[in-house]
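Trainee: Please show me the model. I want to ask how each label is earned.

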Amino acid sequence: MDMNFNQHISQQFNADLEAIRNQMLSMGGLVERQVSDAIEAICSGDTSSADKIIQREDDVDDMEVNIDQECTHILVRRQPAASDLRMVLAVSRVVRDLERIGDEATKIAIHALEVANGSQASSKICHQAIRHMGTAVVKMISDALDAFARHDIGGAIEVVRNDKMVDDQYASAIRELITYMMEDPRSIGQAINILWILRAIERIGDHARNISEQVIYLVSGTDVRHSSLSEMEEQTQSDL
Amino acid sequence: MQLIENHKTTGIPLSPKAKLSARNVDVFYGDKQAIHDVSLDIGENEVIALIGPSGCGKSTFLRTLNRMNDTIDICNIKGEILLDNENIYDPKVDTVPLRARVGMVFQKPNPFPKSIYDNVAYGPRIHGLAQSRVELDETVEKSLQRAGLWNEVKDRLHAPGTGLSGGQQQRLCIARTIAVDPEVILMDEPCSALDPIATAKIEELIDDLREKYTIAIVTHSMQQAARVSQRTAYFHLGQLIEVNPTDQVFTTPQHELTEAYITGRFG
Amino acid sequence: MTNSKATNSKTSTEATTMTTTNLTTREKVELSLARRRAAETRFRLYGMVSVFFGMLCLVVLFTDIASKGTSVFKQTSLTTEITLDSGYLGINKDSSIEDIRFANFEGLIKRHFAKSVKPKGRKAKRELFKLISPGAAWQLQELVLANPTAIDSTVTIELLMDDDVDQWFKHDFGNDVVDNGRLSEQQLAWLMTWIEEGQLDSHFNTLFFTNGDSREPELAGIHGAIKGTLLTLMVTLILSFPIGVAAAIYLEEFAPRNRITEIVEININNLAAVPSIIFGLLGMAIFINIFGVARSTPLLGGLVLTLMTLPTIIISARAAIKAVPPSIREAAYGLGASKNQVVFHHVLPLAMPGMLTGTILGMAQALGETAPLLMIGMVAFVVDVPGFINDPSTVLPVQIFLWSDSPERAFLERTSGAILVLLSFLVVMNTTAVILRRRLERRW
């Protein structure tokens, strides 16, 4: 075969698909930065950077709307099939997850401000866990996006695996937080803020997992949402 | 572009409820081979869509299914085509009753230059299906009703069939085909000459007809294949590349050629 | 801008020669447009000139024929009262037909005119009797045969005049003609008397349509030729249409595509181009010498013309069959119609208008054919009107050919008259072809 199957007959279709993919990846980059900045804001207690995060949230929302609109355009004008259809659907879903991640990052920033304005004594509770989980989810987001860009099922499954670890860390951080609250009821106010932050980080992990699931759908066509890691590995065996 | 060596059809070409089965069919036009070793089952009460780029042999294959290629002298067929497990290419088989069992609808609406009534009544008449005038009237009415044309033409049954619109003509041709009560209906791009509304009506009709008949449809419109069929077969240069449930073909085709064709990367 | 424009216009001729290559596409198109328009106009002009020339030839031909031929529809006769003297004729009311036929009506007429005009001397008598056609006696005989009771009574009858009188009266009388042709002074004087008395006049010429050929121009008619033509064409049609259509259907629908059919096809096409006289020779050799068909009969003529028209009919019928859209055949085959059903239910009805048109045009061609018929003896002088296809006869074009050879001025007129009749036959046939095609094609 001397034909190039990577190119559509319609150059514009190529360009359109490439465009939504690139916009999604740059939105991913922005969201990733939002999350890492938010984690940094808590750890350093830097309120100005937390404000910036809240402002940038609008940009993330705009990007979601724009990309989704372009997906709709492609659906209407090109009636994509097979891998093209999966690409458009996956981008549309990933964008939703990215927007949610953006929301979570904003939540973290809001709670970071509250933590910074609250009592200094208990402001450092669970910092270790937050930093740890935060770094993990930031890496998960970037890994999931990389896997998307490279059509890499192995990388996607790795992200799912990491999500499990983040969930475990979240459980132990909650236990640690409960201990704090039992020891010193005055710290409960701060602890609840920290709880919300931990919860948000854990949700970000879940969203990163969703993104990886879309990578699997994009590449293999199997919908692995709501299935366990082992099921996922089994279903994607042939595509690895 | 060249043939794939040692190709074996991807997907599920066979069916447990096969009505019409092709086994290792080769078709030659003189020295040129148009179909290469195609094996495919068409299941009872299913609509199978045959898609592929122009000249891929899908129409040729469809025409082998009721021996329409017999009228072309240089056309030669190897392999077997079984209708209810009987080879239709057996020398003992007569094409006349065969074509009554396996009807055909063509690309261009081709009503006879006769009245609407006579168009539909022609098949029953030549096959002696109606014993009386009343019975014939009933057959005509039933066929037109099933083709969704009755209400539009009941007041002008004796007007010429060629005076109808394109879509009505095509439905008249379908009515004419089902008037002889076939078991299988072959459709060769039945909507290619029609506007979208007429196309939608035909597609709706195909969906209704599935309850009673087995239908094979050749189409250039992938959206149409996706809309009307349960299974889709992809032909490429006379080879049957892939057969799978339609949903699967249009979301996750197995063969790279199928993928390339339906995503518009060639063809 | 204005400045550059000014310079441009100043050096425009120079500029166009220099910058033809630098012209924009639109300018190039406009340049070529004038040339193309001129070519178009020229071509249209050529077409109009040739059409005009063709029409002119036709008009000249028709006016010539019509001007010479229309006078044939008038015939000069002398109205006179004559007593059917039973004593002179030797017959009475009860005489047999045989006796009436042998009665001397010619003598009676001569006696009548000898009495009424009173010519002096034998020479004058002979000149007087020359004015009356030999057909006059025959007219009287017919009258008596139709009504024997008229014997011994005095009847008023329009006696047929000789062709010389007819021609003189129709063409020269009243004009300042110096040469009075074959009529003497004495004869002219008698004629003038009759004209003054209102006896000599011209009436519609029914004899032209009811008589067969004759040596006497005033008695010669085309009835025999028309009847012969119709019988010949009937034989041709009955033979060539079914054979031609059947051959066309077989070749087009059933014949296997091989060398033999190819040779047959080529030969049919060649036959259409064979000079018609060859068919005459062929007919003579085969039908007369081998099968012993009687010469000069419509049957033989029809057979020969069948040979000649068959290729035309087969070719046009095949073209008509080929023109039936394949989609109709496919539709019928798809319903399970057999080959015969497809051909006879669908192909044939749709091809019929074309076939009929071809047949009628072939018939029109046969109608005008002379050469092959000359070869098979249909050129003979046949006075009797043929009753059936095995009676000797002639046909219109051959009749025209025969008359055109005769020296009498009256035959020239009859030639043109017969041509007019032949042409109107052709027009009727071609019109029928057109109407038939339109009528049948409406079903399409």
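Mentor: Start with contact: two residues are in contact if their C-beta atoms, placed from the backbone, lie within 7 Å. Of the two pairs of chains in contact, chains B and C share the most contacts. This is a predicted model, where local features need pLDDT of at least 70, side-chain atom pairs count only at pLDDT 80 or more, and totals for chains, interfaces and linings use all residues. Residues are numbered from 1 along each chain as its sequence is written, while chains are lettered from A and ligands numbered from 1 in the order in which they are written.

Trainee: How do you know whether chain A and chain C touch or stay apart?

Mentor: Chain A and chain C do not touch. Their nearest C-alpha atoms are 29 Å apart.

Trainee: What makes up the contact of chains B and C?

Mentor: Chain C brings 16 residues and chain B brings 20 residues. Helix H16 (326–334) and helix H17 (339–367) of chain C each supply at least two residues of the side that touches chain B. H16(C) gives the most, with six residues. Helices here are DSSP runs (H or I, at least four residues), as are strands (E, at least two), numbered from the N terminus.

Trainee: What is the chemical make-up of that side of chain C?

Mentor: It has seven nonpolar, six polar and three charged residues. Ala, Val, Leu, Ile, Met, Phe, Trp, Tyr, Cys and Pro count as nonpolar, Asp, Glu, Lys and Arg as charged, and the others, Gly among them, as polar.

Trainee: And what makes up the contact of chain B with chain A?

Mentor: There, 14 residues come from chain B and 16 residues from chain A. Helix H8 (222–228), helix H9 (246–251) and helix H10 (256–262) of chain B each supply at least two residues of chain B's side. H10(B) has the largest share, four residues. That side of chain B divides into six nonpolar, five polar and three charged.

Trainee: How do you know what length to expect for helix H1 (residues 11–44) of chain A?

Mentor: The expected span is 1.5 Å times one less than the number of residues. H1(A) has 34 residues, so it should span 50 Å. Its end C-alpha atoms are 49 Å apart, which agrees. Just after H1(A), Gly45(A) takes a positive phi of about 65 degrees.

Trainee: Why does Leu237(B) count as buried?

Mentor: A residue is buried if 20 or more other C-beta atoms lie within 10 Å of its own, exposed if 12 or fewer, and partly exposed in between; C-beta atoms are placed from the backbone. Leu237(B) has 20 C-beta neighbours inside 10 Å, so it counts as buried. Leu237(B) is found in the loop between strand S10 (231–236) and strand S11 (239–245) of chain B. Its phi is near 50 degrees, a positive value in a residue other than glycine.

Trainee: Why is Ser296(C) called buried?

Mentor: Ser296(C) has 20 other C-beta atoms within 10 Å, so it is buried. Its place is the loop between helix H14 (276–290) and helix H15 (298–322) of chain C. Ser296(C) is not a glycine, yet its phi is positive, about 55 degrees.

Trainee: What makes strand S9 (residues 214–218) of chain B mostly covered?

Mentor: Five of its five residues are buried. Thr214(B), Ala216(B) and Val218(B) point one way from S9(B), and Ile215(B) and Ile217(B) the other way. In a regular strand the side chains alternate between the two faces of the sheet.

Trainee: Which way does S9(B) run relative to strand S4 (residues 47–51) of chain B, parallel or antiparallel?

Mentor: Parallel, with four bridges joining S4(B) to S9(B). Two strands pair if DSSP finds at least two bridges between them. Val47(B) has Ile215(B) as its bridge partner in S9(B). Strand S8 (residues 184–188) of chain B also runs parallel to S9(B), joined by five bridges. There, Leu186(B) partners Ala216(B).

Trainee: In the open sheet of chain C, which are the edge strands?

Mentor: Strand S2 (154–160) and strand S3 (200–204) of chain C are the edge strands, as each pairs on one side only. The order is S2-S1-S3, with antiparallel pairing. Strand S1 (residues 74–83) of chain C pairs with S3(C) over five bridges. Thr76(C) stands opposite Ser202(C) in S3(C).
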